[in-house]
Amino acid sequence: MQQKIRWGLLGAGNILYRWMKGARQAEDMEIVAVSSRTKVRAQQMAETFQIPEALTYEELIARKDIDIVYIPVPHPAHKALAIMAMNAGKAVLVEKPAGINARELDEMVACAKENGVFFMEAVWTRFFPLIEQLRPYFSEDGIGEVRAISTNFSYRTEDPSSRLFDLERAGGGLLDTGVYNLHFNHMILGKNPVRLMGIASMNTDEMHLPVDEQAAYIAQYDRGELGMMCSAVRTDMIDTAYIYGTKGHMILPRFWKPTKAQIVIGEKTELLESPVSQRIPGIEDEGYQYELRHVNECLREGKTESPVMTWQASHDILSQCDELRRQWGLVYPQEKRGE
């Protein structure tokens, strides 16, 4: 049996309640330790998930028995933790978005290159088996040439203390859910738009939020293809993707963690289903193990960059976010301070 990849959790964000379910389904990894800004929080997570040790950030990074760290903390803290880990020789999987802008991503990539370590943004959608099963349908024998994609990913948050409402924590819909829309278009079309236009609602309801409460944007590509997208933290929308081709169309419910697709070509309708595999019964996980197995494979093969979630793709999407925020006049405090 091959040796397991040893992971450390460089942060203890709430996403761990979902992520750890996938980690338990991955047979080729073990979680060695968890860390947080406070030892109390790290100890709480260690007890919750039966992780052997609770450490400080510095203690975890110094450990020789950890191959890679996963960073599940608010967006503005990603860069500093990732660079600290990579400078210590650790591989890094950082939760999406990798940074609050493309410049931060580029700094992290430069650090990965300098230290010769693996670095990847955690965009789990790209690793679901269903995505590869759809590829043959993007052809003349399938739905033909893709002409338009429609996606919405949003929800309504009521908690006034939520990080999603806090500009200092890069809140708003774009970096939390909107990046899924942009990554999905990039994944299906394999290219960047030549035009990207959007409009955001800010400070428009009783909460007077300084972030993008909701937004709509359209991307146009070099052959005229259109991507029509919405994201929000104050409006709940149906998270179904529609992909329209010259000969048919696809419908993907919950496109950001896709397990089924309806494919309509003329009079024929086909249903593809790829439920999340369960190695350990009784743990109802969402599919993080697909991404984690890929990362483990990259590490075993000595890769520093994923061939699926490339550094260029991460840069492309954050650049698109930067452009939309430029149009909206949305600047994060860290950017104003030059951090």
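Helix α1 passes α8 in a right-handed crossing. The model is predicted. Helix α8 covers residues 288-300, and its axis lies 8 Å from that of α1. The two helices pack at an angle of about 60°. That value falls outside the ranges counted as roughly parallel, roughly antiparallel or roughly perpendicular, and α1 and α8 are therefore oblique to each other.

Look at the residues in this contact. From α1 come R18, W19, G22, A23 and Q25. From α8 come Y288, Q289, L292 and R293. By class, the contact of α1 with α8 has four nonpolar, three polar and two charged residues.

Helix α1 has another partner, α2. Here α1 spans residues 16-25 and α2 spans residues 39-49. Their axes are 12 Å apart, and the packing angle is about 40°. So α1 and α2 are oblique to each other. The crossing of α1 and α2 is right-handed. On the α1 side, the contact uses L16, Y17, M20 and R24. On the α2 side, it uses M45, T48 and F49. Five residues of the contact of α1 with α2 are nonpolar, one is polar and one is charged.

Next comes a sheet. Six strands make up this open sheet, with parallel pairing. Read across, the order is β3-β2-β1-β4-β5-β6. The edges are β3 (53-55) and β6 (119-122), and each of these strands pairs on one side only. From one strand to the next, the twist averages 25°.

Now zoom in on the β3 edge. Strand β2 (residues 29-35) runs parallel to β3, and three bridges join them. Within this pairing, A33 stands opposite E53 in β3. Helix α2 packs on this sheet and touches β2 and β3. The direction of α2 makes about 160° with that of β3.

A second open sheet has eight strands, and its pairing is mixed. The order is β8-β9-β10-β7-β11-β12-β13-β14. Its edge strands are β8 (195-201) and β14 (268-273), and each pairs on one side only. Here the twist averages 10° from one strand to the next.

Strands β9 and β10 give a close-up of this sheet. Strand β9 covers residues 214-220 and β10 covers residues 226-232. They run antiparallel, joined by seven bridges. One residue to find is A216, whose bridge partner in β10 is C230.

Helices also pack on this sheet. Helix α9 (residues 311-328) touches β8 and β9. The direction of α9 makes about 55° with that of β8. Helix α7 (residues 173-189) lies across β7 (146-154), β9, β10, β11 (240-245) and β12. Helix α7 runs at about 160° to β7.

Finally, turn to the aromatic rings. The structure holds 14 aromatic pairs. One of them is W124 with W256, whose ring centres are 6.1 Å apart. Their planes meet at 55°, so the pair is tilted. This pair links distant parts of the chain, with the two positions 132 residues apart. W124 sits in the loop between β6 and α6 (129-134). W256 sits in the loop between β12 (248-253) and β13 (260-265). Strand β6 is an edge strand of the six-stranded sheet, while β12 and β13 belong to the eight-stranded one.

Notes: Residues numbered from 1 in each chain as written. Predicted model: local features only at pLDDT ≥ 70, side-chain atom pairs only at ≥ 80, totals over all residues. Heavy atoms only, no water. Axes fitted to C-alpha atoms, helices over the stretch in contact; angles between N-to-C directions. Helix = DSSP H or I, 4+ residues; strand = E, 2+ residues; numbered from the N terminus. Parallel < 35°, antiparallel > 145°, perpendicular 65-115°, else oblique. Left-handed = near helix turned anticlockwise from the far one by under 90°. Contact = heavy atoms within 4.5 Å. Nonpolar A, V, L, I, M, F, W, Y, C, P; charged D, E, K, R; others polar. Pairing = 2+ DSSP bridges. Phe/Tyr/Trp six-rings, centres within 6.5 Å; stacked < 30°, edge-to-face > 60°.
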